[in-house]
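Trainee: Could you take me through one part of this model in close detail? I would like to look at the charged side chains and how they pair up.

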Amino acid sequence: MYEINKRIRAEMQKQNMTSTELARRSGLNRSSISRYVNDVIEPKQNAIGAIAKALGVSPAYLLGFDDANVDIDINTT
């Protein structure tokens, strides 16, 4: 199984985003983001959706089901 932490970390680096900023944008707490990025725990489905939206990618991309990094408009509700 693909390691979701690698895709989250790669997107954060690509966008020059800190875990604090990702937490703010996703509505998750920073310690959870840190645990996901450091592969301590795997995010649950709702967290994956929030992280994907905050990063502007699809949940499928984060989960490794889609190799294409699809930009999503994060300003839509």
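Mentor: Happy to! Let's begin with Arg25, which counts as partly exposed because its relative accessibility is 41%, between the 20% and 50% cut-offs. Keep in mind as we go that this is a predicted model. The side chain of Arg25 meets that of Glu21 in a salt bridge, with 2.7 Å from N to O. Both residues belong to helix H2, and they sit four residues apart, about one turn of the helix. Through salt bridges with shared partners, Glu21, Arg24 and Arg25 are joined into one network.

Now follow that network to its other arm. Glu21 also forms a salt bridge with Arg24, where the closest N and O atoms are 2.6 Å apart. This pair, too, lies in helix H2, which covers residues 19-26, and here the spacing is three residues, again about one turn of the helix. Where do these two side chains stand in terms of accessibility, buried or exposed or in between? Glu21 has 21% relative accessibility, so it counts as partly exposed, given that buried means under 20%. Arg24, at 59%, is exposed, because its relative accessible area is over 50%.

There is another pair to visit, away from that network. Lys6 forms a salt bridge with Glu3, and their closest N and O atoms are 3.4 Å apart. That distance counts because the cut-off is within 4 Å. Lys6 is partly exposed, with a relative accessibility of 42%. Its partner Glu3 is partly exposed as well, at 35%. By the same rule, the count for the model comes to four salt bridges, and the ones we have walked through include Lys6 with Glu3, Glu21 with Arg24 and Arg25 with Glu21.

While you are at this end of the chain, have a look at Ile4, which is found in helix H1, residues 4-14. Ile4 is buried, because its relative accessible area of 9% falls under 20%. What does Ile4 touch, leaving aside residues up to four places away in sequence? Its contacts are Pro43, Ile48, Leu62 and Leu63. You can also place Ile4 against Tyr61: the two are 57 residues apart along the chain, yet their C-alpha atoms are separated by 9.0 Å. So, for your viewer, try colouring Glu21, Arg24 and Arg25 as one network, and then show buried Ile4 together with Pro43, Ile48, Leu62 and Leu63, which it touches.

Definitions and conventions:
Residues numbered from 1 in each chain as written. Predicted model: local features only at pLDDT ≥ 70, side-chain atom pairs only at ≥ 80, totals over all residues. Heavy atoms only, no water. Buried < 20%, exposed > 50% of the residue type's maximum accessible area, 1.4 Å probe, protein only. Helix = DSSP H or I, 4+ residues; strand = E, 2+ residues; numbered from the N terminus. Contact = heavy atoms within 4.5 Å.
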